[in-house]
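Me: I should like to learn how to read a protein model. Could we begin with a single pair of residues and then widen the view?

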Amino acid sequence: MTTLTLQLTIDCAEPRRMVAFWSEALGYVPEPPPGGHATWREYWADMGVPAEELPSGVGETPESIVDPEGQGPRVWFQQVPESKVTKNRLHLDLKVGGGRDVPLAVRTERVTATVDRLKAAGATVQRIMDEPGMEYYAIVLQDPEGNEFCVV
């Protein structure tokens, strides 16, 4: 049986900006190039990737992030020419509240603190989800390129 690993790939216009934002959001770190290479571009060139497949600037700075604890999936920010035009079909939930065993006031405080930190890093609030009587609190945000995600 083969081993399965998971990579999340996010199309974007500016990988450097997304690496900075999502490193902050997830507590991840930029992934260093393998094998002692100075840059990913150098690594890819050594692997034989043709120069025409490596546009100017690609791979000069990290375009992926990894969980420093080695638990979460690698996230690669793939530069694409087109911009985002519709709602995501997949989004991330950053679960910081602690779950329903934690009092709503504490969950709300944790979510709000995380949202404030991510707004300072470039996120924008799209909507607050706090229906009366639901004992639920979450905030929908957009990353710097408009991708939706939730802080719960």
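Reply: This is a predicted model. A salt bridge pairs a side-chain nitrogen of Lys or Arg with a carboxyl oxygen of Asp or Glu within 4 Å. Here Arg117 forms one with Glu24, and their closest N and O atoms are 2.7 Å apart.

Me: How many salt bridges does the rule find across the interface of domain 1 and domain 2?

Reply: The rule finds one. Residue pairs in polar contact can be counted as well, and between domain 1 and domain 2 there are four such pairs.

Me: Which elements of domain 1 supply the side that touches domain 2?

Reply: Strand 1 (7-12) and helix 1 (15-26) each supply at least two residues to that side. Helix 1 gives the most, with seven residues. Sorted by class, this side of domain 1 has nine nonpolar residues, four charged residues and no polar ones.

Me: Where do the two domains lie along the chain, and what distance separates their centres?

Reply: Domain 1 covers residues 7-79 and domain 2 covers residues 92-151. Their centres, taken over C-alpha atoms, are 27 Å apart. The contact takes 13 residues from domain 1 and 12 residues from domain 2.

Me: How should I read the area buried between domain 1 and domain 2?

Reply: Buried area is the accessible area that two parts lose on being put together, summed over both. For domain 1 and domain 2 the value is about 1,100 Å², and carbon and sulfur atoms give 68% of this area. Phe21, Trp22 and Glu24 supply 50% of the area that domain 1 buries against domain 2, more than any other three residues.

Me: What pattern do the helices and strands follow along the sequence?

Reply: The chain has three helices and eight strands. Read along the sequence, their pattern is β-α-β-α-β-β-β-α-β-β-β.

Me: What is notable about the phi of Glu135?

Reply: Most residues other than glycine have a negative phi. Glu135 is not a glycine, yet its phi is positive, at about 55 degrees. Glu135 lies in the loop between strand 6 (124-129) and strand 7 (138-142).

Me: Why does Glu135 count as partly exposed?

Reply: A residue is partly exposed if its relative accessible area lies between the limits of 20% and 50%. Glu135 has a relative accessibility of 46%, and therefore counts as partly exposed.

Me: What share of the whole chain counts as buried?

Reply: Of its 152 residues, 32% count as buried. Along its principal axes, the C-alpha trace of the chain spans about 60 × 35 × 30 Å.

Technical notes:
Residues are numbered from 1 along each chain as its sequence is written. This is a predicted model: local features need pLDDT of at least 70, side-chain atom pairs count only at pLDDT 80 or more; totals for chains, interfaces and linings use all residues. Side-chain values use heavy atoms; hydrogens and water are left out. Domain bounds come from an automatic or database domain assignment. Contact means heavy atoms within 4.5 Å. Buried area is the accessible area (1.4 Å probe) that two parts lose on being put together, summed over both. A polar contact is a pair of N or O atoms within 3.5 Å; within protein, one must be able to donate a hydrogen and the other to accept it, and residues adjacent in sequence count only if both atoms are side-chain atoms. Helices (H or I, at least four residues) and strands (E, at least two) are DSSP runs, numbered from the N terminus. Ala, Val, Leu, Ile, Met, Phe, Trp, Tyr, Cys and Pro count as nonpolar, Asp, Glu, Lys and Arg as charged, and the others, Gly among them, as polar. Buried means under 20% relative accessible area, exposed over 50%, partly exposed in between (1.4 Å probe, protein chains only).
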